Amino acid sequence: MLDFHVHLARLPEAALVCRELQRRHIQSVLVACEPWEWDACAPLFQEFPQTLIPCIGIHPMIAEQVSNESWEQLKTWLQKFPQAYVGECGLDKRYPGYAPNEAQEKLLTFQAKLALEFNRPLMIHAVGDHRRILKILEDLGFPGSNAFPIFHRFGGDKEVVKRALRMHALFSIHPDSFRKASTKASLSAIPQESLRLETDADESFPIQNPDGTQKTPDEIAQALIQSLQTVEESLKSL
Ligand SMILES: [Zn+2]
């Protein structure tokens with residue numbers, strides 16, 4: 001089983017959770033999308049190379065806060081981890097710098113170009129305008145042989161699926177992907193081999209037991225697996 005988008009460094013006792021996942025043969029695309037998270041994930045990438053696929057980038061939520069120095073550091077991290085995907089990056093209408101030509105778009109374009117330059121998959125976060133993101137990627141010349149977009153926590157519609165598939169996109173499906181009718185209706189248009197499952201677990205992932213105690217790393221790993229199984233079953237019952 002593979003969790004295609006997860007922020008394990010935002011969970012308590014991340015290294016122990018990784019060990020529990022490894023013990024159960026669960027692989028994860030571990031996303032580090034803020035400078036502090038790069039530092040927190042690097043030792044995990046090194047300790048669990050068999051089960052973790054690194055994904056390193058800058059999230060649109062901090063587009064207006066990050067310095068140019070961080071943009072340069074991102075390049076260095078991607079060189080240090082040659083198998084790392086780029087991202088997550090994208091557009092999110094809930095955060096500053098969302099309008100065309102503002103900070104979010106510049107940061108997305110920078111990372112999309114890095115993905116093409118390094119020939120790596122590009123993890124996309126889209127809340128708002130999928131079509132603007134598609135246009136940016138199309139204009140930049142996606143796909144490369146290994147540079148293709150991954151639409152994480154997919155929330156697009158049939159037209160997005162159609163255009164994204166032309167760029168050899170993958171679609172990472174989260175429990176939220178079944179919420180909007182237009183997204184739910186688009187899922188059956190995605191070929192099986194282009195579908196992935198994800199938890200997107202981060203600091204908001206429930207880590208309390210019903211009795212109020214904190215879940216152990218073992219229990220967190222089980223909850224992550226259960227979340228993936230729920231998505232798998234929802235896809236089957238479409
Ligand atoms: Zn994420």
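Colleague: Before anything else, what counts as a helix or a strand here?
Modeller: Helices and strands are DSSP runs, with at least four residues for a helix and at least two for a strand, and they are numbered from the N terminus. In this predicted model, the chain has eight helices and eight strands.

Colleague: And how are the strands arranged?
Modeller: The eight strands form an open sheet in the order β1-β2-β3-β4-β5-β6-β7-β8, and the pairing is parallel. At the edges stand β1 (2–6) and β8 (195–197), each with a single partner strand, so one side of each has no neighbour in the sheet. On average, neighbouring strands are turned by 25° against each other, direction ignored.

Colleague: What holds β1 to β2, in terms of bridges?
Modeller: Three bridges join β1 to β2 (residues 27–32), and V6 has L30 of β2 as its bridge partner.

Colleague: L30, okay. Where does that residue stand in the nonpolar core?
Modeller: The largest nonpolar core has 63 residues, and L30 is listed with A32, C55 and I56 as touching the most other members. If we leave aside neighbours within four places in sequence, the contacts of I56 include A32, W38, L74 and W77.

Colleague: Changing topic, which residues of α6 are buried?
Modeller: In α6 (residues 158–165), the buried residues are V160, V161 and A164. Seen down the helix axis, the buried residues of α6 fall within an arc of 100°, so they line one face of the helix.

Colleague: Why would residues a few places apart point the same way?
Modeller: An α-helix has 3.6 residues a turn, so residues three or four places apart point the same way.

Colleague: And what covers that buried face?
Modeller: Among the elements covering the buried residues of α6 are α5 (130–140), β6 (149–151) and α7 (181–187).

Colleague: Anything unusual in the backbone?
Modeller: As background, most residues other than glycine have a negative phi, and most peptide bonds are trans. Here, however, a cis peptide bond joins G87 and E88, with omega about 15°, and E88 lies in strand β4 (residues 85–92). The bond from F142 to P143 is also cis, with omega near 0°, and P143 lies in the loop between α5 and β6.

Colleague: What about phi at N119 and R153?
Modeller: N119 has a positive phi, near 55°, and R153 has one of about 50°.

Colleague: Are those two buried or exposed?
Modeller: N119 counts as exposed because it has 11 C-beta neighbours inside 10 Å, whereas R153, in the loop between β6 and α6, is buried, with 21 other C-beta atoms within 10 Å.

Conventions. Residues are numbered from 1 along each chain as its sequence is written. This is a predicted model: local features need pLDDT of at least 70, side-chain atom pairs count only at pLDDT 80 or more; totals for chains, interfaces and linings use all residues. A residue is buried if 20 or more other C-beta atoms lie within 10 Å of its own, exposed if 12 or fewer, and partly exposed in between; C-beta atoms are placed from the backbone. The arc is that of the directions from the helix axis to the C-beta atoms. Two residues are in contact if their C-beta atoms, placed from the backbone, lie within 7 Å. A nonpolar core is a set of buried Ala, Val, Leu, Ile, Met, Phe, Trp, Tyr and Cys residues joined through C-beta atoms within 7 Å. Two strands pair if DSSP finds at least two bridges between them. Axes are lines fitted to C-alpha atoms, for helices over the stretch in contact, and angles run from 0 to 180 degrees between N-to-C directions.
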